[in-house]
Amino acid sequence: MTDQPVLIAGAGIGGLAMALTLHQLGVPCLVFESVRELKPLGVGINLQPNAVRELGDLGIGTEALDRIGLPAREWALVGLNGNDIYAEPRGLLAGYRWPQYAVHRGELQMLLYRTVVERLGKESVRPGHRVAGYRNEADGTVTALVETAGGARSEVRGAMLVGADGMHSAVRAQMHPAQPPIHWGGAIMWRGVSPGVPIRSGASFVGLGTHRHRFVFYPISPPDPETGLATINWIAEVTVDASEGRKNSGWFKPVAIVDFSHHFDGWTWDWLDVPALLARADGAYENPMIDRDPVPTWQDGRVILIGDAAHPMYPTGSNGASQAIMDTRALGAALVEHGLGEAALAAYDAKFCGPISQLVLRNRGAGPFGLLNLVDERCGGTFDDIDAVIPAAERSAFMAGYKAAAGFAIDTLNAAPPTIAAGAKVSPELVST
């Protein structure tokens, strides 16, 4: 085994899962993170059963996930008049061998960070250090060009560099200097959390409205035993004319509830009062729904992209974090098979870059929320009998197609062997150039 560590740019969910995977495989690594201090930022996200399975194989089981979220029981789309468009059980109730979890994104990141520190040591993560670029060396190593928060610059040599530095990845920008700018289709999201009473199954993900004007919500905590209130994660979304581009002062910013709540005036039913739920929030974050056009490869020599650096996608499929985790495990499996070198990166890139790039475009086309588009096209969003608008078989086929593309079709996932076999290691004899 080479003495050089694998370098990881970014200590988000993908970067930290990559560090845990490498440690499991006996490969030393070093993680660089641009922020000075990791904090539990963000709101709710979903972990699909395929990612929950991989976390379990990393020793992060349901007991740990129960502390930062709760198992999801249902996924549902509801029309403007409150009638169901589509509903299905999720996780164990759907027949998966692993649950689906709704969790707080920042708490998941901190769980992974604490686990990395416990297993690899605190020195394995360097906050306040940003990978600004890289250089593939003639001797088969790679040099990361690192900048500190204070402006100091240094070079760190490694066996490989994994770019897990997100949507604004410096590693990707060097790998693809001519990449198009960030793509925005006109959708603006406001995200926050509020105390509320869980509805339907008590752990339901509900999308309500149309493809251009919708409200999505789901609990990310169990109800408080005394008040009966859970933490409800919500996303309020409208689509505007994007022809002139994004004009406000930033892509992501905190905003007051009153800045956008008027879009949902009158969204009240006997089972949900959207204005009241919004009013109970302390604040919200405004951000556009953005992604990037796919690139032809995620590899440059001994450098590879994962997560949002490789395939930033619309969050319509609730699988961005899950895909980042899956990336790390698939890359780990390639390292076990091909060794610590370019052959493994090339095999991973050849297998996944094309299909996941297609998933990016599928999510841009509304992902599983595409059913709302069909309802709007056929009846304007209001109906009495959904079967007369979209037959049940068509709705089920639509959802099955998305699950297959995203890698969590039930039968396929349940029957699949572990991505990385228990006890597998990267063999010293397979270190390659």
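A polar contact is a pair of N or O atoms within 3.5 Å; within protein, one must be able to donate a hydrogen and the other to accept it. Keep that cut-off handy for the first exercise. One caution before you start: the model is predicted.

**Exercise 1. Work out where glutamine 299 sits and which backbone oxygen lies 3.0 Å from a polar atom of its side chain.**

Solution.
- Step 1: place the residue. Glutamine 299 belongs to strand β21, which covers residues 299-300.
- Step 2: check the burial. Its relative accessible area is 17%, and the cut-off for buried is under 20%, so glutamine 299 counts as buried.
- Step 3: look for the partner. The backbone oxygen of glycine 301 is 3.0 Å from a polar atom of the glutamine 299 side chain.
- Step 4: list the surroundings. Skipping neighbours within four places in sequence, glutamine 299 touches Met175, Ile304, Glu342, Leu345, Ala346 and Asp349.

**Exercise 2. Sort out the strand order in the open sheet of three strands, and say which strands are at the edges.**

Solution.
- Step 1: recall the general idea. Strands of a sheet pair through backbone hydrogen bonds, either parallel or antiparallel.
- Step 2: read off the order. The open sheet goes β3-β7-β4, with antiparallel pairing.
- Step 3: find the edges. β3 (44-47) and β4 (69-71) each pair on one side only, which makes them the edge strands.
- Step 4: add the twist. From one strand to the next, it averages 20°.
- Step 5: zoom in on one pairing. β3 and β7 (residues 101-104) run antiparallel and are joined by four bridges; glycine 44 faces histidine 104 in β7.
- Step 6: see what lies across. Helix α4 (residues 105-120) crosses β3 and β7, at about 85° to β7.

**Exercise 3. Classify the ring pair of phenylalanine 215 and tryptophan 234, then do likewise for tryptophan 298 and tyrosine 348.**

Solution.
- Step 1: get the total. There are 13 aromatic pairs in the structure.
- Step 2: take phenylalanine 215 and tryptophan 234. Their ring centres are 6.3 Å apart with 20° between the planes, and the pair is stacked.
- Step 3: map that pair. Phenylalanine 215 is in strand β15 (residues 213-219) and tryptophan 234 in strand β16, so the pair ties together parts 19 residues apart in sequence.
- Step 4: check their burial. Phenylalanine 215 is buried at 0% relative accessible area, and tryptophan 234 is buried at 0% too.
- Step 5: turn to tryptophan 298 and tyrosine 348. With centres 5.8 Å apart and planes at 45°, the pair is tilted.
- Step 6: map this one as well. Tryptophan 298 is in the loop between β20 (284-291) and β21, and tyrosine 348 is in helix α9 (residues 342-364), so parts 50 residues apart in sequence are tied together. Both residues are buried.

**Exercise 4. Find which residues have the most contacts inside the largest nonpolar core, and say where valine 238 belongs.**

Solution.
- Step 1: start with the largest core. It has 83 residues, and Ile8, Leu47, Leu65, Leu108, Leu161 and Trp298 have the most contacts inside it.
- Step 2: pick leucine 108. Apart from neighbours within four places in sequence, leucine 108 contacts Ile13, Ile45, Leu47, Leu65, Ile68 and Val103.
- Step 3: go to the other core. A separate core of 28 residues includes Met167, Val238, Leu272 and Ile290.
- Step 4: look at valine 238 itself. This residue is in strand β16 (residues 230-239) and is buried at 7% relative accessibility.

Note on methods. Residues numbered from 1 in each chain as written. Predicted model: local features only at pLDDT ≥ 70, side-chain atom pairs only at ≥ 80, totals over all residues. Heavy atoms only, no water. Helix = DSSP H or I, 4+ residues; strand = E, 2+ residues; numbered from the N terminus. Buried < 20%, exposed > 50% of the residue type's maximum accessible area, 1.4 Å probe, protein only. Contact = heavy atoms within 4.5 Å. Pairing = 2+ DSSP bridges. Axes fitted to C-alpha atoms, helices over the stretch in contact; angles between N-to-C directions. Phe/Tyr/Trp six-rings, centres within 6.5 Å; stacked < 30°, edge-to-face > 60°. Core = buried A, V, L, I, M, F, W, Y, C linked by side-chain atoms within 4.5 Å.
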